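Got the viewer open and a selection box ready? Here is a walk through the model, one stop at a time.

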Amino acid sequence: MDESSAFIRERLKKLEDLSRDGIDPYPSTFPVTHLAGDLTGRYGSADDAALRAAEAVALAGRVLSLRGHGKASFAHIKDQTGRIQIYVRQDTVGESAYALFRRIDVGDFLGVRGRLFRTKTGELTIQVDTLTLLAKALRPLPDKWHGLSDVEVRYRQRYVDLIANPAVAEVFRRRAWIIAEIRRFFDERGFLEVETPMMQPIPGGAAARPFVTHHNALDLRLYLRIAPELHLKRCVVGGLERVYEINRNFRNEGLSTQHNPEFTMLEFYQAYADYRDLMALTEELLSQIVRKVCGSDTVTYQGREISFTPPWPRLTLEEALGKMGRLTQDEVRSEQGLRKAADASGIAVKPAWGWGKLLAELFEARVEGQLVQPTFITDFPAELSPLAKARTDDPRYVQRFELYVAGLEVANAYTELNDPREQRRRLEAQAKARAAGDEEAHYMDDDFVRALEYGLPPTAGEGIGIDRLVMLLTDSPSIRDVILFPLLRPEPPGDEG
């Protein structure tokens with residue numbers, strides 16, 4: 001029997017003893033009046049007179065440490081805001097209550113009522129009048145000196161990771177703060193937050209493989225959405241001229257430090273604007289969030305300082321391949337030249353790839369990693385962007401940008417194609433590519449084209465990856481560090497810990 005199993009057997013015996021003695025180890029409620037962090041913030045430097053005048057407190061949390069001295073004991077308990085010391089004396093709480101306290105273990109949840117005082121060592125402490133066991137823990141917490149360091153276990157048992165590693169909980173508090181600031185930014189500018197379907201009969205809005213499911217009552221094949229784009233543009237057609245959504249997308253793709261099959265996106269659409277307007281809006285949005293959340297325009301990500309002070313550099317895709325990817329203009333403009341450059345870069349070129357796809361693959365291989373400071377990459381090939389409006393001066397390219405920071409693609413935006421005739425032609429071409437074996441090509445969506453036939457005003461739209469943005473603003477190297485419960489392979493049988 002391993003150490004963990006022995007521990008659990010010991011705790012189960014204590015649980016049985018408590019129940020036998022008429023003590024409910026899992027009561028339903030406890031009226032909390034104060035939080036640890038609030039108390040330490042308010043009374044951390046208060047003198048004895050102020051502590052004596054303070055009201056009684058009722059606080060609950062997890063027991064992190066125990067220290068006994070005969071008929072008096074100290075402990076630390078932790079709630080969501082912090083930790084605080086408690087002092088329990090037998091002559092104050094009574095013999096039976098003190099006997100119960102002596103049966104408390106590290107990891108248990110405890111509720112206490114009492115008054116504040118300061119110990120001889122100066123630590124703010126609650127002198128307990130009454131106490132209640134709120135939940136008996138059956139598994140051991142990680143060793144306080146070594147914590148929880150196994151990355152796989154941390155992701156799989158995030159609930160333990162949050163207990164053992166305070167910095168992890170701080171990441172998710174900052175994530176919530178970032179999302180709250182995004183909402184505030186768009187609400188103040190007259191955007192309406194909406195919700196669009198997660199299950200769709202036709203997936204669209206991005207080039208990706210969808211997850212497939214089935215609705216039994218309707219006997220209907222459905223897909224988890226890969227993007228909310230087409231429904232959000234339907235909203236603009238209907239007169240909701242500024243809309244945004246913060247929600248999940250699902251793409252049946254591989255796992256990496258930058259990719260999780262389920263991820264969170266911000267998408268927003270603004271009528272009477274183009275992609276250049278959204279570049280200015282993006283600079284304003286992200287620089288404001290960085291200042292509010294990080295306290296400065298500059299953040300450190302994986303040892304590199306990144307400045308979000310606008311304006312940010314703007315390069316066309318071809319310019320970036322020339323300046324940073326070491327390609328000549330002849331190579332960039334020639335499909336044959338791109339194929340040779342791709343071979344030289346070790347890219348496994350597929351025969352069906354055209355000029356635009358080759359450009360994108362070479363950009364990813366040769367340029368992305370060099371884009372450390374916020375940089376807009378503009379003017380993508382039309383064949384890669386079937387939902388974007390073409391440039392009027394050169395229809396081979398569309399009015400589109402992607403934003404890169406620290407080698408990560410953070411945003412993708414374009415002026416929306418609103419000509420229903422051209423949109424139908426492009427989607428039909430995508431459908432042919434799908435029929436020929438391109439699993440990431442767009443589906444034909446006749447209802448979306450019908451919506452455009454009612455009239456979509458000039459509109460620009462953008463998607464920003466929330467998870468990658470949180471990575472940047474919390475100095476997290478992997479997307480799994482900023483998703484509470486990332487997708488993992490099933491745990492091997494008998495390896496539940």
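**Stop 1: Into the sheet**

Start by selecting strand S11 (residues 262-271) and S18: they run antiparallel and are joined by 7 bridges. For a landmark on this pair, pick Met 265, which stands opposite Gly 465 in S18. Keep in mind throughout that what you see is a predicted model.

Now widen the selection to the rest of the sheet. How many strands does the open sheet have, and in what order? There are 8, arranged S6-S10-S11-S18-S17-S16-S15-S14, and the pairing is mixed. Look at the two ends next: strand S6 (192-193) and strand S14 (314-316) are the edges, and each has a single partner strand, so one side of each has no neighbour in the sheet. If you turn on backbone hydrogen bonds, remember that strands of a sheet pair through them, either parallel or antiparallel.

**Stop 2: Strand S17 and its two partners**

From S18, step across to S17. S17 and strand S18 (residues 459-465) pair in the antiparallel sense, with 5 bridges between them. Click on Ala 413 and you can find its bridge partner in S18, Glu 462.

On to S16, the other strand to colour here. S16 and S17 also run antiparallel, and 6 bridges join them. Try Tyr 404 here: the residue opposite it in S17 is Glu 409. Follow the chain around the end and you will see that S16 and S17 make a hairpin, with 2 residues between the strands. Ala 406 sits in that turn and has a positive phi of about 55°.

Before you leave, switch on a surface. Is strand S17 largely enclosed or largely open? Of the 8 residues in S17 (residues 408-415), 6 are buried, so the strand is largely enclosed by the rest of the structure.

**Stop 3: A buried serine in a loop**

Next, select Ser 385. You will find this residue in the loop between strand S15 (375-381) and strand S16 (397-405). Buried or exposed, would you say? Ser 385 has a relative accessibility of 3%, so it counts as buried; the cut-off for buried is under 20%. To see what surrounds Ser 385, show Phe 380, Val 398, Arg 400 and Arg 426, its contacts once neighbours within four places in sequence are set aside.

**Stop 4: The nonpolar cores**

Hide the ribbon for a moment and show side chains. In soluble globular proteins, nonpolar side chains tend to be buried together. The largest nonpolar core here has 49 residues, and the ones that touch the most other members are Ile 182, Phe 186, Leu 266 and Phe 268. Helix H10 (residues 275-294) gives the most to this core, with 9 residues.

Zoom in on Phe 186. Leaving out residues up to four places away in sequence, Phe 186 touches Phe 191, Tyr 244, Leu 266, Phe 268, Leu 281 and Leu 285. Apart from this core lies another, of 41 residues; Leu 315, Trp 353, Leu 358 and Val 398 are among them. You have already met Val 398, as one of the contacts of Ser 385.

**Stop 5: Out to a surface patch**

Bring the surface back and select Tyr 159, Leu 484 and Phe 485. Together they make a nonpolar surface patch of about 340 Å². Phe 485 lies in the segment after helix H17 (466-474). With a relative accessibility of 56%, Phe 485 counts as exposed, since the cut-off is over 50%.

**Stop 6: Salt bridges**

Finish with charged side chains: the count comes to 41 salt bridges. Begin in helix H6 (residues 151-156), where Glu 152 and Arg 156 lie 4 residues apart, about one turn of the helix. They form a salt bridge, with the closest N and O atoms 2.5 Å apart.

Then move to helix H7 (residues 158-164), where Asp 161 and Arg 158 form a salt bridge with the closest N and O atoms 2.8 Å apart. Both Asp 161 and Arg 158 are buried.

For the last pair, select Arg 425 and Glu 422, 3 residues apart in helix H15 (residues 420-435) and separated by about one helical turn. Salt bridges that share partners also join Arg 11, Lys 14, Asp 105, Asp 108 and Lys 136 into one network.

Conventions
Residues numbered from 1 in each chain as written. Predicted model: local features only at pLDDT ≥ 70, side-chain atom pairs only at ≥ 80, totals over all residues. Heavy atoms only, no water. Buried < 20%, exposed > 50% of the residue type's maximum accessible area, 1.4 Å probe, protein only. Contact = heavy atoms within 4.5 Å. Patch = residues over 30% accessible without salt bridge, like charges linked within 9 Å, V, L, I, M, F, W, Y side chains within 5 Å. Areas by Shrake-Rupley, 256 points an atom, 1.4 Å probe, with all protein chains shown as cover. Salt bridge = Lys/Arg side-chain N within 4 Å of Asp/Glu carboxyl O. Pairing = 2+ DSSP bridges. Core = buried A, V, L, I, M, F, W, Y, C linked by side-chain atoms within 4.5 Å.
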